[in-house]
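Biologist: Could you walk me through this one while we both have it open? I would like to begin with the charged pairs and then move outwards.

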Amino acid sequence: MNTTASISQWDAVDFMVDFHTRRKRLGLLTETLGWIASVALFRETETQTHYLKAPTSDDRQHHKTLLAALIAEGQHLLRGVHNAGGLPENLDGIKTTDLDAVVEELRTTQLQWESDMTPPRREQILKELFDVPPR
């Protein structure tokens, strides 16, 4: 994938995150499902730009910014869900614990990519956990 394609993917994720984080008062369940869709698109783009190839500086900046926005919105949704006594039953089977797990997973991703972990340590962990060869 070339840099232009990569930027277009990040622009799509940026649109989704922005669209689903504006206060539109769509209802807690609708906002939560939209946020989950944004996370799924973010993860797909992350895979393409960070795991299947070395990320460019633009990739890293988009990733960092959108990850922070997704975490903030997830925490906001969690607060609303807890204040409402949980998510209503829904056809997708999404529960409060699922939402909590996605937010925690995003925080872990933030630590993975934005912490002071050295590249050799990161490569060692990826090799040990996922049998990913060093780049």
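**Salt bridges first**

Modeller: Arg43 and Glu46 form a salt bridge through their side chains, at 2.8 Å from N to O, where a salt bridge is a side-chain nitrogen of Lys or Arg within 4 Å of a carboxyl oxygen of Asp or Glu. Please keep in mind that this is a predicted model, in which local features need pLDDT of at least 70 and side-chain atom pairs count only at pLDDT 80 or more, while totals for chains, interfaces and linings use all residues. Residues are numbered from 1 along each chain as its sequence is written, and side-chain values use heavy atoms, with hydrogens and water left out.

Biologist: How are Arg43 and Glu46 separated in helix 2?

Modeller: They are three residues apart in helix 2, which means a separation of about one helical turn; helices here are DSSP runs of H or I with at least four residues, strands are runs of E with at least two, and both are numbered from the N terminus. As a general point, an α-helix has 3.6 residues a turn, so residues three or four places apart point the same way.

Biologist: Are Arg43 and Glu46 buried or exposed?

Modeller: Both Arg43 and Glu46 are buried, the term meaning under 20% relative accessible area, with exposed being over 50% and partly exposed in between (1.4 Å probe, protein chains only). For Arg43 the relative accessible area is 17%.

Biologist: Which residue of helix 4 pairs with Arg43?

Modeller: Glu105 does, with its closest N and O atoms 3.8 Å apart in a salt bridge to Arg43. Because Glu105 lies in helix 4 and Arg43 in helix 2, the pair ties together parts that are 62 residues apart in sequence. Glu105 counts as partly exposed at 43% relative accessibility, and a network of salt bridges links Arg43, Glu46 and Glu105.

Biologist: How many salt bridges does the count come to?

Modeller: The count is four by that rule, and one of them joins the side chains of Glu104 and Arg107 at 3.1 Å, N to O. Those two residues are three apart in helix 4, again about one helical turn, and both are partly exposed, Glu104 at 42% and Arg107 at 27% relative accessible area.

Biologist: Stepping back, what is the overall make-up, helices and strands?

Modeller: The chain has five helices and zero strands, so from the N terminus the order of elements, as DSSP runs, is α-α-α-α-α. Of its 135 residues, 29% count as buried. Among the contacts (heavy atoms within 4.5 Å) with a separation of 6 or more, 72% are between residues 24 or more positions apart.

Biologist: And which residues have the most contacts inside the largest nonpolar core?

Modeller: Those are Val13, Trp35, Phe42, Leu66, Leu70, Leu99 and Leu106, in a core of 18 residues; a nonpolar core is a set of buried Ala, Val, Leu, Ile, Met, Phe, Trp, Tyr and Cys residues joined through side-chain atoms within 4.5 Å. Helix 1 (3-21), helix 2, helix 3 and helix 4 (96-114) each supply at least two residues, and the largest share, seven residues, comes from helix 3.

Biologist: What does Trp35 touch?

Modeller: Leaving out residues up to four places away in sequence, Trp35 touches His20, Leu70, Glu73, Gly74, Leu77, Leu99, Val102, Val103 and Leu106.

Biologist: How far does helix 3 reach from its first C-alpha to its last?

Modeller: Helix 3 has 27 residues and reaches 39 Å, close to the 39 Å expected at 1.5 Å a residue, the expected span being 1.5 Å times one less than the number of residues. After helix 3 comes Gly85, with a positive phi near 85°.

Biologist: Where does His62 lie, and what does His62 touch?

Modeller: His62 lies in helix 3 (residues 57-83) and is partly exposed, with a relative accessible area of 23%. Not counting residues up to four places away in sequence, His62 touches Trp10 and Asp11.

Biologist: Last topic, the C-terminal end: where is Pro133 found?

Modeller: Pro133 is in the segment after helix 5 and is exposed, at 58% relative accessible area. The C-alpha atoms of Pro133 and Glu123 are separated by 7.7 Å, with the two residues 10 apart along the chain.
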